[in-house]
Amino acid sequence: MTLNFTGTSTTALSNHSVRENYFCFKILPDPEFDKVADRYTTNLVTGVINVVLSPFGVVANLLIVWVICRKVSLRTPLNLLLGCLAVSDFMVGLVVQPSYVAYRLTENQHMFVPCALRLFYSTGFFMCYGVSLVTLCSISCERFLALFFPLQYQHLIRYSRVIKLVIVIWIVNIILTVLQWAHNEVARGIHLVTWLLLLLTAVASQLRILPIIRRHQKQIKRLHSGGRPSCQRSISSHSQMQIKFAANIACIVAVYLAFNLPVLLITAFHQIILIDINTYNLYSWAETAAFLNSSVNPVICLWRVKAIRRAVRQLWPRAGNGRRVPGYLSSSEIPDNDVALVRFRRRQEPQLVFVNSAIFSTNAELSEK
């Protein structure tokens, strides 16, 4: 009886393993475990790189999300989208990179990876990668509207609408990722084609923004060379702010393209155009480069966005007296514990800037006359 029971259990486990492997083979690319020896070194090196980068990406992106959620003055549509990008990068460091390390090291040790681990890694990768790409496209379009349609911007881009957009971005990417389990080729093809279109949209919007940045910079230089300080303060301050925001986003988009374009092209060529790839080492290095972007993005955000950088500094007391210095972001900013006054100031600031601009413009015209 014992021998029969053991034989039956072994047969059941074997059948379950066959069904599991068939399910993975149906929805995932062939892993080619017979060629593991050819990519042993690449698996080991990229695994070590991701072990080092993963904790840094988790802490850095969590810091960005924390300061954006904590400070009322940072809750703007642009910062909310940057926060969504940071959440996606946080999930990459917390979920995707550890699963990648487990995938590659298990492959090196056993020359086989369980189906559950392969599904977990593939699902996390497609979901987080899709969210970051859609968010980046949304950020580029937001800057495009801010520069090309400044008067309609306040009516088109609202904080509540951006929150709904962020929720839709996550839901749509989760649905597209899960659909790959049912209709692999169709769903994955739609996913990858959508990524390519969004990437082209982001690049096109940045190409349209760059001439505006250069033109505004020339106008500001002419104001400075004209020797009219009042006009410089009133007219060029808003333009300088918009130019700086656009330049920051252009930097983030350029870095994103540099790190993520390889994996997107390799995946599209291999799984849509069905071009044979001689070695999966290309996948390993391209995916590692994409993961590296999740650690680079918060560094760029802290470097380029002064408001977020100052907010991070306020989290720790200054050395010496052990006392935390407020250091507000502007002369009109007040502490976040008085939310009503913060909202009141926000409603009043555009009107004050407009009145000052009109006054300075009128004085400049009178002086010219």
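How many residues does helix α9 (residues 281-304) have, and how far does α9 reach from its first C-alpha to its last? Select α9 to check: it has 24 residues and reaches 34 Å, close to the 34 Å expected at 1.5 Å a residue. The expected span is 1.5 Å times one less than the number of residues in the helix.

Before going on, note that this is a predicted model, in which local features need pLDDT of at least 70, side-chain atom pairs count only at pLDDT 80 or more, and totals for chains, interfaces and linings use all residues. Residues are numbered from 1 along each chain as its sequence is written, and side-chain values use heavy atoms, with hydrogens and water left out.

**The whole protein**

Show the protein as a cartoon. There are 11 helices and zero strands. Helices (H or I, at least four residues) and strands (E, at least two) are DSSP runs, numbered from the N terminus. Now colour by burial: 43% of the 369 residues are buried. Buried means under 20% relative accessible area, exposed means over 50%, and partly exposed lies in between, with a 1.4 Å probe and protein chains only.

**Back to α9**

Select S295, where α9 has a kink of about 30 degrees, shortly before the proline P298. The bend at a residue is the angle between axes fitted to the seven residues ending there and the seven starting there. Next select L302, also placed in helix α9. L302 is partly exposed, because its relative accessible area is 24%. Add V312 to the selection: L302 and V312 are 10 residues apart in sequence, and 8.4 Å separates them in space, C-alpha to C-alpha.

**Helix α2**

Select residues 40-70, which form helix α2. Its 31 residues should span 45 Å at 1.5 Å a residue, and the end C-alpha atoms are indeed 45 Å apart. At L53, α2 bends by about 30 degrees, and the proline P55 follows within four residues.

Then pick I64, which sits in α2. Is I64 buried or exposed? I64 has a relative accessible area of 2%, so it is buried. Show V299 as well: the C-alpha atoms of I64 and V299 are separated by 9.7 Å, although these positions lie 235 residues apart along the chain.

**Helix α3 and its partner α4**

Select α3, residues 77-110. This helix has 34 residues and reaches 48 Å from first C-alpha to last, close to the 50 Å expected. Centred on V92 is a kink of about 40 degrees. α3 is mostly covered, with 24 of its 34 residues buried.

Add α4, residues 115-148. The axes of α3 and α4 come within 9 Å and cross at roughly 155 degrees. Axes are lines fitted to C-alpha atoms, for helices over the stretch in contact, and angles run from 0 to 180 degrees between N-to-C directions. α3 and α4 are therefore roughly antiparallel to each other; angles over 145 degrees count as such. The residues of their contact divide into 19 nonpolar, seven polar and three charged. Here Ala, Val, Leu, Ile, Met, Phe, Trp, Tyr, Cys and Pro count as nonpolar, Asp, Glu, Lys and Arg as charged, and the others, Gly among them, as polar.

**The loop after α3**

Which residue follows α3 with a positive phi? Select M111, in the loop between α3 and α4. The phi of M111 is near 55 degrees, a positive value in a residue other than glycine. Most residues other than glycine have a negative phi. M111 counts as partly exposed, because its relative accessibility is 45%.

**Last stop: S160**

Select S160 in helix α6 (residues 159-182). S160 has a relative accessible area of 44%, so it is partly exposed. Now select P77: S160 and P77 are 83 residues apart along the chain, and their C-alpha atoms are separated by 8.6 Å.

How values were computed. Angles under 35 degrees count as roughly parallel, over 145 as roughly antiparallel, 65 to 115 as roughly perpendicular and the rest as oblique.
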